Amino acid sequence: MSHRSHAPAACRAVVLPFAQQPPALAAGTRVLAQDGPVPVEALVPGDMIRTMDSGVQPLRWIGRLPVGRMVQLACGEAGVLRVSPALGMLTRLGPMGMRDEVLVPARSVTPGRRVLAAPEGLGWYALVFEKHEIVWCGGLPCESLHLPRLAQDGGHAALLTEILAALPELEGDVAAYGPPARRVAPRATRARATAAE
């Protein structure tokens with residue numbers, strides 16, 4: 001772990017409309033780091049996180065975001081995982097023997113899903129790496145923040161400016177961040193997705 005010299009950045013914007021709320025993890029969610037699970041709120045840039053595709057990678061940015069609605073999933077190592085509705089979770093879709101790994105927003109994952117009002121005062125955090133990654137959160141594979149998708153959602157100009165400052169190699173070009181780690185499931189198939197252990 002790196003020296004914890006500062007806390008995660010905090011977005012001071014008002015709570016965004018449901019459709020614009022970015023992918024985020026609730027405080028208390030344990031993220032699998034190099035030396036074991038760590039509460040997301042304890043992470044700082046430079047901490048080494050285990051990823052599904054790229055091995056151990058340094059966290060480039062972490063920020064606290066406004067979230068008004070949350071998805072509570074009855075699964076994962078802690079029994080309950082709380083994430084924002086837009087957080088992509090790695091799932092497998094298709095017939096047995098031909099299943100394709102895709103990202104499905106938490107609001108469409110079944111079974112054991114409940115969409116609720118986020119408790120007042122609960123912190124919400126997003127993680128950014130050199131590229132889009134799949135990381136283990138509460139024992140389940142979840143996505144980090146994908147900057148091009150965040151830009152497409154709209155309403156995140158100030159947040160993107162802050163993140164791009166932590167990734168100077170992009171030279172302010174969100175598109176240069178690259179593609180998502182997995183295909184995003186088409187809308188018609190999202191409701192049939194089941195979280196992959």
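This short talk walks through the overall make-up of one predicted protein model, then its cores, one strand pair, one loop residue and one helix.

Before I start, a word on the ground rules: because the model is predicted, local features need pLDDT of at least 70 and side-chain atom pairs count only at pLDDT 80 or more, while totals for chains, interfaces and linings use all residues. Residues are numbered from 1 along each chain as its sequence is written, and side-chain values use heavy atoms, with hydrogens and water left out.

Let me begin with the whole chain. The protein chain has three helices and 16 strands, where helices (H or I, at least four residues) and strands (E, at least two) are DSSP runs numbered from the N terminus. Of its 197 residues, 45% count as buried; here buried means under 20% relative accessible area, exposed means over 50%, and partly exposed lies in between, with a 1.4 Å probe and protein chains only.

Now to the interior. A nonpolar core is a set of buried Ala, Val, Leu, Ile, Met, Phe, Trp, Tyr and Cys residues joined through side-chain atoms within 4.5 Å. The largest such core has 28 residues, and those with the most contacts inside it include Leu25, Val31, Met89 and Leu127. Among the strands that each supply at least two residues of this core are β3 (30-33), β10 (88-93), β11 (100-105) and β13 (124-128). Apart from it lies another core, of 21 residues, with Ala24, Ala26, Leu65 and Leu159 among them.

Strand β10 deserves a closer look, since five of its six residues are buried, so the strand is largely enclosed by the rest of the structure. It runs antiparallel to β11, and six bridges join the two, where strands pair if DSSP finds at least two bridges between them. One of these links has Leu93 with Asp100 of β11 as its bridge partner.

Beyond β11, in the loop that leads to β12 (113-117), sits Arg107, which is partly exposed at a relative accessible area of 31%. Its C-alpha atom is separated by 9.4 Å from that of Leu73, although the two residues are 34 apart along the chain.

Finally, which residues of helix α2 (residues 157-165) are buried? They are Leu159, Leu160, Ile163 and Leu164, and, seen down the axis, the buried residues fall within an arc of 130 degrees (taken from the directions from the helix axis to the C-beta atoms), so they line one face of the helix. The face turned away carries the exposed residues Ala157, Ala158, Thr161 and Ala165.
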